[in-house]
Amino acid sequence: MLPARSFIPLAAFLAVAALLAIGLQNDPHKIPSMLIDKPTPDFALTSLTGDDNGFSHHDLKGNVSLLNVFASWCPGCRVEHPMLMQLAARGDVPIYGLNWKDRQADSKRWLAKNQNPYARVGLDESGRVGIDLGVTGVPETFVIDRTGRIRYRYPGPITQEVWQEHFEPLLKDLRGLQ
Amino acid sequence: MAAEAGLFAIIIALFISLVQSIVPLALMRRGGPAAAAFVRQAAIGQFVFIAVAFGCLTYAFVTSDFSVQVVAANSHTLKPLLYKVSGVWGNHEGSMLLWVLILSLFGAAVALFGDNLPDRLQANVLGVHGLIGLGFLTFIVITSNPFTRLINPPADGNGLNPILQDPGLAIHPPFLYLGYVGFSMAFSFSVAALIEGKVDASWARWVRPWVLAAWCFLTVGITLGSAWAYYTLGWGGWWFWDPVENASFMPWLAGTALLHSALVVERRHALISWTILLGILTFSLSLIGTFLVRSGVLTSVHSFAQDPSRGAFILALILLSTGGALTLFAIRAPRLRNGAPFAIISREGGLTVNNILLTTATATVFLGTFYPIFVDMMGNDKISVGPPYYNMTFVPIMVPLLLAMPIGPILKWKRDDIRSAMGRLKPAAYACLVAAIITLVVTLGHNVLATFFMAIAAWLVFGSFAILVHRTRIGSVPLSKSFWLARTTPLAFYGLIIAHAGMGVTIAGITGMTNWATEKIEMLRPGQSLQLSGYDVRLRSVGDIAGPNYEAERGYFDIARRGKPFAQLYSERRFYPVRQQQTTAAGIRTNLISNLYVTLGDPDGKGSWAVRFYYHPFMPLVWLGALTMSLGGFISLFDRRLRVGAPQRSATGLFAVPAE
């Protein structure tokens, strides 16, 4: 007769393995956003850097643009940052930044270190605007069309592949519509 | 041709590993010595063929054979030779090949040096080891073939990610793998013991040196990784609790626990089933680390290109190996004879406390690393777990462990009296008090936490020496006798002192960095300067430089302290045209106690550059302490009692104080 307690390690391990298996199934990029094709919620944020006069939902109208949610404490943001810098250098599409649940001093320092790709950066210290936008984590990027509607949401760092696969075709479409 | 030869060699190694694992498990009962000899040959053969494959891939990299996909994606003709070679493991496929190479190296070592192991144990160990090899070779052949050819080879390669082009990072993965793949020995020995249903003293004498060697390499590997992150990522951080860092830190914590519990098995024949369980878990954590880095389950700063199908494969391997081992454990462990009882206040008791705390610490890091996945499954909220979590969970668990570190080794085996043990540590307690007072005075009484941790650091360093003083009886016997005692003290004992003291040095470094590091960012024109912590940093000039495969802007800095010239440093902003990527090379001046760290940031286009300057007191101590720890481990490895083939207890003189 085997004592049940000798099975404890096995049981614990199987539980963890099951979670990992589910984690593998769960593609982090496939959470639907409730806000697709809806206008961005109204907001008005103070400027993070002080270089502009703040950032509000009005800025997102008139041009196809990207809204990138980031924070200085997020490793994924560091990963995607060079990509954002490249995009900003190309100048095809303006990138707006939403600095989410972060301290102003930290994120200012972060942007000074890593360069600033954003046309405007709003400071969302409490995470309020992020909640309205349905942000689930950082980094996260929204594609906004000319009328200020959210057309696409991508959670996770943008890489070259992600950009070519998901963003480029959509941006082409959105520009073609007008 | 080389690529085809390499693939062929891998497939041969795969079949060898297949027979290596089948023979002992199927034939051992009848085959006896002949089967054992066969398995030994197989283990050596497996290593030879994987080494050939590794050589072929290295050849393809060095000769820039861009018809091989991996080479085209990760190398470039203009890259310096060192990085052509390190490029072999700077990508997923090649690093897996390095992984199995090291795995088979350990197997071959058991085959070559294991003459004095009982045939049956040796064959079983190598059989289990062959199974692990079989799993990973299959993984390589099916999902990660490094020798895939391109039909239209490009004229030149894609280049290696510039932040990986660094001498420190060139040698970091081999050390890291020697460490966590080395724990496969603990796994194979544990499973072999379960198969045989018995653990004898020779088992523990065999396991401990392997675990110790793996642990030493892993310590060096983690240290190199941390130092690399510090100077190349350009923001002066040295540990981020990033999932990939945790992936190497968890096996380290569990391996540290294993190291200590194996000691109890060896000396007292107690904690046997626990040690076997730890052996299985430590290697499983290494496997989970591999899974983490390659599956894309978590995002991280330094992981390889990720692919869920590879993740699924590794997860299946983990399920088979860990699941199988734990099933065997559930069936066999209750039958293992457990050794001599001991009092709570005893060396065994101290080592048990060590194990409980280290295992708990491992669990907190595990939880922190995987919590985002758990939350993800509960709702669909994605979160990141950051340093605040670890400060609140990991640090409080480490504090009692650190406090107990000098006490444990000074206790006697079986039973001791805590009061007399503390008496032996009195000098260390005084040193601890002095350190606390100095810190309080220096910080003007403001920094209680810094005071507390500096006192702990002193406690560890001086406590370790107090253990040595106690052993050699300096002061209570004539000096000549102390000298004689010191000479006859086994190396493993010195290893203990050095490693524990090294931990104290690391703690001092972490405390200093956490509390007293300062930094400043300013826009400077050439000729202008910034002031910080008594240093004056002047940007003398900025010039253009051409590196072997990059172009750079180099800023020259003159640093003065209290008005006197102190140092000249330069920092580069490098641009790698092949990858269109920018990196920073920091200018660092170290005196092994503190660092000055300067980087040239971006120009504003109007003649100024963003200049960052950090003053990092005690930063080098973090790494020096860690290297001291592994030095202690290496010294301990040279103890002749641990030497392969040494008789169980060689004479340690009249004073047979148990010494580790």
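Two strands are said to pair if DSSP finds at least two bridges between them. Strands (E, at least two residues) and helices (H or I, at least four) are DSSP runs, numbered from the N terminus. The structure examined here is a predicted model, in which local features need pLDDT of at least 70 and side-chain atom pairs count only at pLDDT 80 or more, while totals for chains, interfaces and linings use all residues. Residues are numbered from 1 along each chain as its sequence is written, and chains are lettered from A and ligands numbered from 1 in the order in which they are written.

A good place to start is chain A. Its strands S5-S4-S3-S6-S7, in that order, form an open sheet of five strands with mixed pairing. At the edges are strand S5 (120-124) and strand S7 (150-155) of chain A, each of which pairs on one side only. From one strand to the next, the twist averages 20°; such angles run from 0 to 180 degrees between N-to-C directions, with axes being lines fitted to C-alpha atoms (for helices, over the stretch in contact).

Strand S6 (residues 140-144) of chain A is joined to S7(A) by five bridges, and the two run antiparallel. Within this pair, A:Glu140 stands opposite A:Pro155, and A:Ile144 is opposite A:Ile150. The hairpin of S6(A) and S7(A) has five residues between the strands, and there A:Gly148 takes a positive phi near 85°. Strand S3 (residues 65-70) of chain A is also joined to S6(A) by five bridges, again antiparallel, with A:Val143 as the bridge partner of A:Leu66.

How buried is S6(A)? Five of its five residues are buried, so S6(A) is largely enclosed by the rest of the structure. Here, buried means that 20 or more other C-beta atoms, placed from the backbone, lie within 10 Å of the residue's own (exposed: 12 or fewer; partly exposed: in between). A:Glu140, A:Phe142 and A:Ile144 point one way from the strand, and A:Thr141 and A:Val143 the other way.

Chain B offers an open sheet too, with five strands in the order S2-S3-S4-S5-S6 and antiparallel pairing. Its edge strands are S2 (529-532) and S6 (581-585) of chain B. Strands S4 (residues 551-561) and S5 (residues 564-576) of chain B pair over eleven bridges, and B:Arg574 in S5(B) is the bridge partner of B:Ala552.

Helix H10 (residues 243-268) of chain B is buried in 26 of its 26 residues, so H10(B) is largely enclosed by the rest of the structure. Just after H10(B), B:His269 takes a positive phi of about 55°.
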